[in-house]
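User: I should like to understand how descriptive terms are assigned to a protein model. Could you explain the reasoning step by step?

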Amino acid sequence: MAMNSPASDSTLEGAYHRVHPTIRRWIHDQGWDELREIQARTILAVLDSDRDVLIAAATAAGKTEAAFLPILTQVADRRALGFSVLYISPLKALINDQFKRLDELCASMEIPVLKWHGDAPQGDKKRALSKPQGVALITPESIEAMLTRRPGDAKRLLSSADFIVIDEVHSFLQGPRGLHLASLLRRIDAMSTQPARRVGLSATIGDLFQAATWLRPAAPETVQILEAKTDSPELKLQIRGYVEPPELDDPDHAEGGADAEQVSSRIALDDIADHLFKTLRGANNLVFGGSRRTVESAADRLRRRSDKADVPNEFFPHHGSLSKTLREELEDRLKDGKLPTTAICTSTLELGVDIGSVKSVAQIGAPRSLSSLKQRLGRTGRRRGVPSVLRIYVREPNIDRKSGLIDRLRPNTIRSVAVIQLLLDKFVEPAGQIPEVASTLIHQILSVIAERGGIRARPLYDLLCGPGPFASISVSEFADLLRHLASDAIRFIEQSNDGLIMLAEKGEHTVQSRSFFAVFESAEEWRLTIEGKTLGTLPISFPVHKDGLVVFAGRRWIVNDIDERTNTLFVAPHPGGVVPRFERADGERLHDRLAAEMRNVYLSNDEPPYLDDKAKELLAEGRETFREFELDKRRVIEEERDLHLFLWRGSQATAVFGAAAATAGLPAQVHDLGLTLAKTTEAEALPKLRELSSVGRSRPIQVCDFVENIAAGKFREQVPLALARTLWTRQNAAELSIISEIAREL
C-alpha cells in the first residue's frame, strides 16, 4: 500500500501533458487554470502502473475527473467489443448526474457512454447489446439482473473491461450492498481473461486500509492510496438546545394535527421550525431530519410558515419514499440555484449527487456518526474563502427532580458536543460489522446457480468464498448451508445424481421475482397519487381509510379513495393531516471513541462557545447530574427499582455485554451510556457481575444464545441458526473478549 505526497507544479504540468490531446482541449474549453493536485496524482498513478487505485478526497474535489481523465486516455484507442469501463454507483440518481458530466467529454473522444439501470432508456441498452463499447454507468442490482437473466450477454459485455470504477466506496463498506457488490466484482473477475483494474472514489473514509481491503481483498497492500491534502474551510457552527413539553408522547406530530394529543402545546419542532424559517430563507441549504417522519413533519411546518407569511415556499422534503420525479425536481432546483431552496432530507442527499454548493447544513437531532456528519458537511463551504456552516438542533425531554437519571444526564446534548470535538480532531470511525453475511451468501448462491444453470459444490465454494466478503465461511459450513437450502423445510436448491446443484422450485420462484436483484428487502407499500401523478409510497403498515388524513411530500392530503388491488391511495389537498409512521430506521451505531469522548465532556468544565444559551443550560444540567451521582468514580447506580450500569463503550460492545449480562440472569435495556436493569438491586446484580468477570479464564460463554434476531438480512428465515450463531460469535470476537474486563470495571 502506498500513499503519495502532494503534487508539485512540475507534476501538475507533467500530468496535463500525459492525457489524451482531446482531453487537453476539453480541459481548456472548461476554463480550468490547472489540474487539481488529486487529479494530477491520479493521472500519473493510473498511467504509470497497472495497480488498483483508491482516491480519497473531499466532496467537489474533482474525483470523477481524476479517475476518468487517465482512464479515458488509456481506453481511447480500444476497438474490441465489450464495455471498456464499468462505473458502479450506489444510486441511480448519481449515475444520471455523472452521465451529464461525462457525456460531452466522451462524445468528443467518440467513446460511447450509457446509463444502465432500471429507469434508463431501453433503446440505448439494445444498441449496447448489439455493439457493446465504451463506458457503462451501472448499479449493483443491474449487474445482478444481467448475470441472472442474461448470463451470455453479461460475459460479452462485462468480462473484457479494462477498468471498474466504484463511486462512494465508503457507502459499500457497511451493509449488505457492500457484500453484494464485492461478490459481483469477484464473479466478474472469474469470467475475465484479465481482471479489470479497480479504481475506488470516496469522500469520507475512516480507515483507508479497510477500504483498500474491500477494493482488492486478495492483495490490499498493492492498492495505491491517493488522499487529497487540502485545507479545510473555516467552520462556523452552533448547537441549539430545545426542551420538549411535559409528558410528550410524539415529538414529530403534525402541527395542530389530529395525531397531536396536546394540540395546544408547542413542541420543540415548532421552535426549531421557527428558527429554520427565520435563518435559512433566501439561500440554498440542507436540513437533515434523521427520519422520514421528522422530515415530513418539519417540511410541513416550514411550508405552513411560508403560507402564513404570504411568501413563496422554499422548503421541500427529500427522502426515499418520495417519487423519483419529486426528488429530481428538488435536486435540479438546488443545482440550478436561481430560486432559494432548502431541502429537508434524510441521508438521501448525503451521497455525491451534484446539487451545487449550499450555504449551510443543519441537523435535527444529535449526530451519532462522524462519517455521516463529515459527508453532510462537505456539501457546504465548497467555494474558496466561503466557510462551512453547521447548525445542530438538539431535543431533550422535559425533566424535574423526579425524572429518570438517564434523561437528567442530557445525553443528546453531551453527544453533540462530543461529536464536534471529534470532528475538530479530524476523527472518522471505520466501518462497523455487517450482520447480513449469511443472508447475502444465500442470495449469491441462488444467483450463481441461475447464471450457470447448475454448478457443483466445490466450484461454487471457490467462486464465492475466496478472499472477499465470504472468506470467513469454511468448507464444512458451506456444505452444511447447501444441505440446509436443499432440505424439505427450505427447498431452494436440489442436487442431481451426478452432483450438479440446481435451483429447486422455490429457488426458481425466488430468483424469477423482480425483487430478487437487490439484497435489501422491499416492503409492501401504498402508492399515493393525485390526478394520475405519483407522489411516492407509504408503508403498508400505515393505517389508511377513506377520508383519512396524511402529511406527505411536505403537504397535507385527504384520502378520497382506495384501490386495495393495486395498493393505491387517491388523495386530494386538505388542511388537516397526520404524519405517517414510516418503517423504523436502524440507528447509527456509536463508536467506542465517541462513547469515551462523551465521558470526557461530562468530566470537563469548559463551555464551548458554539452552544446557544439553552444548550449551555442543558450541558450544565448534564454535568451537574454526573457530579451529583459521582459518575467519575462509580459505574453502578441504583435508582428506585432500576439499576444503571455505565459502560462508556460503543454500541456494539454495549450490546454484546448486554447479551452476556442476560446469560448471567441480568436482562437489560441497552442505551448510549450503558445498560439499565429493570427491578434489580445492586446487591442482586453484583454477585452475577463478579461471575461474569471470571468468564474467559474459567469457561467460555455462549452469549449468542441470548441474542434476539441473530440472523439478519433478506434471507434471514433461510439462514441455519447454528451458522448465524457461529458468524455472530466470529464477528464479535473482540467485544466478547472484553466481557470480563467490563464486568470487573463494574
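Analyst: The following exchange takes several terms in turn and sets each value against its definition. This is a predicted model, in which local features need pLDDT of at least 70 and side-chain atom pairs count only at pLDDT 80 or more, while totals for chains, interfaces and linings use all residues. Residues are numbered from 1 along each chain as its sequence is written, and side-chain values use heavy atoms, with hydrogens and water left out.

User: Why is Ala685 called buried?

Analyst: Buried means under 20% relative accessible area, exposed over 50%, and partly exposed in between (1.4 Å probe, protein chains only). Ala685 has a relative accessible area of 1%, and therefore counts as buried. This residue belongs to helix α25, residues 682-693; helices (H or I, at least four residues) and strands (E, at least two) are DSSP runs, numbered from the N terminus.

User: Which residues does Ala685 touch, leaving aside those up to four places away in sequence?

Analyst: Ala685 touches Leu643, Leu666, Leu677 and Thr680. Contact here means heavy atoms within 4.5 Å.

User: What makes Asp310 exposed?

Analyst: The relative accessibility of Asp310 is 70%, so the residue counts as exposed. Asp310 lies in the loop between α13 (292-309) and β11 (315-318). Its phi is positive, about 60 degrees, although Asp310 is not a glycine. Most residues other than glycine have a negative phi.

User: Why does Glu531 count as exposed?

Analyst: Glu531 has 83% relative accessibility, and so it counts as exposed. Glu531 is placed in the loop between β17 (525-530) and β18 (533-539).

User: How do you know that the buried residues of α26 line one face of the helix?

Analyst: In α26 (residues 721-731), the residues Leu723, Ala724, Leu727 and Trp728 are buried. Seen down the axis of α26, these buried residues fall within an arc of 135 degrees, so they line one face. The arc is that of the directions from the helix axis to the C-beta atoms. Among the elements covering them are α18 (437-452) and α20 (475-485).

User: Why is α19 called oblique to α20?

Analyst: The axes of α19 (residues 457-464) and α20 come within 11 Å and cross at roughly 120 degrees. Axes are lines fitted to C-alpha atoms, for helices over the stretch in contact, and angles run from 0 to 180 degrees between N-to-C directions. Angles under 35 degrees count as roughly parallel, over 145 as roughly antiparallel, 65 to 115 as roughly perpendicular, and the rest as oblique. The crossing angle therefore makes α19 oblique to α20.
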